[in-house]
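Visitor: I've just opened this one and I'd like some help finding my way around. Could you take me through it feature by feature?

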Amino acid sequence: MKFIWANTLMSCVILSFFDEIRSDCGRRVYSLIHIYDRRMDGYASENTTTSVKGCAEMCASFANCNSFGYNVNENICYIYVELVKSGYNYVEDEGMVYYWVLEESCPPNYYYDNPNNLCVKVVNDKPLMFQDAETECETDNGHLLVADTPEKRSFLHQHYGITISELGVGAIQANGMEEWTWLNGANITNWSPYQPDDSGNEDCLQILFTINDTDIYFNDIPCEAFQMKFICEIPVQRQ
Ligand SMILES: [Ca+2]
Ligand SMILES: [Ca+2]
């Protein structure tokens, strides 16, 4: 799954900073790739424009654009769905420069969560117990999703509130402690009614979605009693 945010970006001003081009919306960043004078095969679109910034705007308005190449001699913009890297099939084409979209730089199985600037992976076909789920996320150099902000709760409800009824996330109640915290130490809010009830030594956290509400709520569950669907989060990979 990829999010299409091109439409909202059409009103953004594209700015240039040394090797990077970014929009004034602050999130869409293109980084210069040091491949020159070669035109890579497999572009999705070819258009005429008068500047590399114009080419960046074309990339922003093209769904799933992950790289673009601009020929500064011929004023031609090439749009790529894939991240252009050296080693592609190419033809010599003097004047070519390439940029790629940093925010889309998430590993396979992860996709970019634009509002929170994270790479996110949803695992709903292989339920695991809390510690096994956290270990899987740590294997990817991440951790279970910490839903500690309204933006993240909104993101979760918007994208999973209807299709996934319950989901494990990254919070824990240490043995013998009364205070709940997210894995990053933030406080937990938005408890579901009558929760946490610690009904049978419940020290891990589960999301409860309600379809008719725009927020999400939390319930404490036993850490080792049953397996759960879960979400991993990792930082965006700058390549
Ligand atoms: Ca407890
Ligand atoms: Ca409970």
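What follows is a short tour in questions and replies.

Guide: Happy to. Keep in mind that this is a predicted model.

Visitor: Then where is confidence lowest, and where is it highest?

Guide: The mean pLDDT of the protein is 79, and 79% of the residues score at least 70. Helix α1 (residues 6-9) sits at the bottom with a mean of 34, while strand β5 (residues 45-48) is at the top with 96. Over residues 1-12 the pLDDT stays under 50, and the model has 19 contacts beyond four places in sequence for that stretch.

Visitor: How many helices and strands should I look for?

Guide: You'll find four helices and 17 strands. Of the 239 residues, 31% are buried. As for contacts with a separation of 6 or more, 65% of them link residues 24 or more positions apart.

Visitor: How do I read strand pairing? Which strands does β15 join?

Guide: Follow the bridges. Strand β15 (residues 204-209) runs antiparallel to β13 (residues 166-172), with four bridges between them. For instance, glutamate 166 has leucine 208 of β15 as its bridge partner. β15 also runs antiparallel to β16 (residues 216-221), this time through six bridges. There, isoleucine 207 stands opposite phenylalanine 218. β15 and β16 make a hairpin, with six residues between them.

Visitor: And the nonpolar core? Which residues touch the most other members?

Guide: The largest core has 28 residues, and the ones touching the most other members are Val120, Leu144, Leu145, Val169, Ile207 and Ile231. At least two residues of this core come from each of β11 (118-128), α3 (130-139), α4 (150-160), β13, β15, β16 and β17 (228-235). Another core lies apart from it, with 20 residues, including Cys59, Cys65, Tyr80 and Val84. Back in the largest core, try clicking on isoleucine 231: leaving aside neighbours within four places in sequence, its contacts include Val120, Leu144, Leu145 and Val169.

Visitor: How do I tell which way a helix faces?

Guide: An α-helix has 3.6 residues a turn, so residues three or four places apart point the same way. Now take α3, where Phe130, Ala133, Glu134 and Cys137 are buried. They're on the same side of α3 because they cover an arc of only 100° around the axis. The face turned away from that buried side carries the exposed residues Gln131 and Thr139. Among the elements covering the buried residues are β11, β12 (143-144), β13, β15 and β17.

Visitor: What about backbone oddities?

Guide: Most residues other than glycine have a negative phi, and most peptide bonds are trans. Here, asparagine 141, which follows α3, has a positive phi near 65°. Asparagine 75, in the loop between β6 and β7 (76-80), has a positive phi near 60°. Aspartate 198 has one of about 50°, and its loop runs between β14 and β15. Proline 196 is also found in the loop between β14 and β15, and a cis peptide bond joins it to glutamine 195, with omega about 0°.

Visitor: Is asparagine 66 buried or exposed, and why?

Guide: Count the C-beta neighbours. Asparagine 66 counts as buried because it has 20 of them inside 10 Å. Asparagine 75 is partly exposed, since its count is 16, and aspartate 198 is exposed, with 12 other C-beta atoms within 10 Å. Asparagine 66 sits in the loop between α2 (52-60) and β6 (67-71). Its C-alpha is 5.2 Å from that of valine 101, although the two are 35 residues apart in sequence.

Methods: Residues are numbered from 1 along each chain as its sequence is written. Chains are lettered from A and ligands numbered from 1 in the order in which they are written. This is a predicted model: local features need pLDDT of at least 70, side-chain atom pairs count only at pLDDT 80 or more; totals for chains, interfaces and linings use all residues. Two residues are in contact if their C-beta atoms, placed from the backbone, lie within 7 Å. Two strands pair if DSSP finds at least two bridges between them. A nonpolar core is a set of buried Ala, Val, Leu, Ile, Met, Phe, Trp, Tyr and Cys residues joined through C-beta atoms within 7 Å. The arc is that of the directions from the helix axis to the C-beta atoms. pLDDT is the predictor's confidence in each residue, from 0 to 100.
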